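Student: I have just opened a new structure and would like to learn how to read it. Could you walk me through some features, one at a time?

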Amino acid sequence: MEEKQILCVGLVVLDVISVVDKYPEEDTDRRCLSQRWQRGGNASNSCTVLSLLGAPCAFMGSLAPGHVAENLPDVSAKDFEKVDLTRFKWIHIEGRNASEQVKMLQRIEQHNAKQPPEQKIRVSVEIEKPREELFQLFGYGEVVFVSKDVARHLGFQSAVEALKGLYCRVRTGATLICAWAEEGADALGPDGQLLHSDAFSPPRVVDTLGAGDTFNASVIFSLSKGNGMQEALRFGCQVAGKKCGLQGFDGIV
């Protein structure tokens with residue numbers, strides 16, 4: 001029997017990355033040492049990492065039919081109705097058009113209500129942007145990733161402070177996770193126990209683009225394999241740290 005997949009729903013973009021000898025000062029010119037084009041976007045990056053880790057995965061998002069993309073719509077609840085949920089063991093939603101995504105999450109809940117425990121789809125959501133509309137997503141998902149930017153926007157000065165202040169927003173039984181760059185990541189679950197993993201900084205930081213997406217994907221991968229939250233948190237920090245020492249994602253495994 002074919003292994004069920006992990007589905008990531010969200011954004012795919014083209015990142016144009018210019019490499020310079022040092023970070024440019026405002027209103028100055030710098031010679032570009034090299035440039036590369038790389039597929040990006042939170043959900044797309046997470047899918048890349050999941051694939052490199054060996055997980056069967058799939059991506060759902062809007063793609064342009066040609067080289068130019070203008071005002072592409074996000075995935076709608078109507079689009080999501082076409083998805084065969086029985087193919088997936090985990091669905092990760094990158095917070096974007098939240099009012100539509102709530103309908104998608106409710107469809108998953110309705111599906112799960114009819115399934116035996118071993119067939120239920122596990123669900124995670126990411127709240128990365130400090131936009132009020134996205135905050136309704138806190139109430140959905142078994143695992144909720146909240147970003148440092150959102151935590152700071154809401155007045156919190158550390159991951160632990162954010163977890164304690166925001167845990168009341170998540171559903172019963174959920175785990176809230178907050179990564180805080182070089183300070184590592186923390187998680188708070190239904191047992192009230194705070195978990196922490198230190199960051200694993202590379203010898204030299206080369207490229208941090210997609211590090212958060214790498215962390216999210218690695219945590220999801222570890223949990224989907226049956227590991228506990230502490231182990232998943234540590235694994236997420238390890239893989240994200242390794243990614244920061246590399247250009248792109250090749251070589252993280």
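Tutor: Gladly! Let us start with a pair of charged side chains: those of Glu 100 and Lys 103 meet in a salt bridge, at 3.3 Å from N to O. Keep in mind as we go that this is a predicted model.

Student: Where do Glu 100 and Lys 103 lie?

Tutor: Both belong to helix H3, and they are three residues apart, about one turn of the helix.

Student: Are Glu 100 and Lys 103 buried or exposed?

Tutor: The general idea is that a residue counts as buried under 20% relative accessible area and as exposed over 50%, with partly exposed in between. Glu 100 has a relative accessible area of 22%, so it is partly exposed. Lys 103 is at 45% and therefore also counts as partly exposed.

Student: Which contacts does Val 102 make beyond its neighbours within four places in sequence?

Tutor: Val 102 is found in helix H3, which spans residues 98–113. Leaving those neighbours aside, Val 102 is in contact with Gln 136, Leu 137 and Tyr 140. With a relative accessible area of 9%, Val 102 is buried, because the limit is under 20%. You can also try a distance here: from C-alpha to C-alpha, Val 102 and Glu 142 are 14 Å apart in space, and they are 40 residues apart in sequence.

Student: Which side chain does Glu 142 meet in a salt bridge?

Tutor: That of Arg 122, at 2.6 Å from N to O. This pair links distant parts of the chain, since Arg 122 is in strand E6 (residues 122–127) while Glu 142 is in the loop between E6 and E7, 20 residues apart. Arg 122 counts as partly exposed at 27% relative accessibility, and Glu 142 does too, at 30%.

Student: How many salt bridges does a search of the whole structure find?

Tutor: Twelve. In one of them, the side chains of Asp 21 and Arg 30 meet at 2.9 Å, N to O. Here Asp 21 counts as exposed, at 56% relative accessibility, whereas Arg 30 counts as partly exposed, at 33%. Salt bridges can also be linked: Glu 3, Lys 89 and Lys 225 form a network of them.

Student: Now the sheet, please. In what order do the strands of the open sheet come?

Tutor: To read a sheet, go from strand to neighbouring strand. This open sheet has eight strands in the order E4-E1-E5-E6-E7-E8-E9-E10, and the pairing is mixed. Strand E4 (57–60) and strand E10 (194–197) each have a single partner strand, so they stand at the edges with one side left without a neighbour in the sheet. On average, neighbouring strands are turned by 20° against each other, direction ignored.

Student: Do E7 and E8 run parallel or antiparallel?

Tutor: Parallel: four bridges join strand E7 (residues 143–146) to strand E8 (residues 175–179). For one position to look at, find Val 146, which stands opposite Cys 178 in E8.

Student: Which helices pack on the sheet?

Tutor: Helix H5 (residues 159–166) is one; H5 touches E7, E8, strand E9 (185–188) and E10, and its direction makes about 20° with that of E9. Helix H7 (residues 229–244) packs there too, touching E8, E9 and E10, with a direction about 30° from that of E10.

Student: In what sense does E9 pair with E8 and E10?

Tutor: E8 and E9 pair in the antiparallel sense over four bridges, and E9 and E10 also pair antiparallel over four bridges. Follow Ala 187 in E9: its bridge partner in E8 is Ile 177, and its bridge partner in E10 is Leu 195. In the hairpin of E8 and E9, which has five residues between the strands, Ala 181 takes a positive phi near 50°. The hairpin of E9 and E10 also has five residues between the strands, and there Gly 192 takes a positive phi near 80°.

Student: What can I learn from the two faces of E9?

Tutor: In a regular strand, side chains alternate between the two faces of the sheet. In E9 both faces are covered: Ala 185 and Ala 187 on one side, and Asp 186 and Leu 188 on the other, are all buried.

Student: Which residues form a nonpolar patch on the surface?

Tutor: Leu 14, Val 16 and Trp 37, with about 360 Å² of accessible area together. Val 16 is found in strand E2 (residues 13–19) and is partly exposed, with a relative accessible area of 47%.

Note on methods:
Residues are numbered from 1 along each chain as its sequence is written. This is a predicted model: local features need pLDDT of at least 70, side-chain atom pairs count only at pLDDT 80 or more; totals for chains, interfaces and linings use all residues. Side-chain values use heavy atoms; hydrogens and water are left out. Two strands pair if DSSP finds at least two bridges between them. Axes are lines fitted to C-alpha atoms, for helices over the stretch in contact, and angles run from 0 to 180 degrees between N-to-C directions. Contact means heavy atoms within 4.5 Å. Patches are made of residues with over 30% relative accessible area and no salt bridge: like charges are joined within 9 Å, nonpolar side chains (Val, Leu, Ile, Met, Phe, Trp, Tyr) within 5 Å. Accessible areas come from the Shrake-Rupley method with a 1.4 Å probe; for residues, only the protein chains shown count as cover. A salt bridge is a side-chain nitrogen of Lys or Arg within 4 Å of a carboxyl oxygen of Asp or Glu. Buried means under 20% relative accessible area, exposed over 50%, partly exposed in between (1.4 Å probe, protein chains only).
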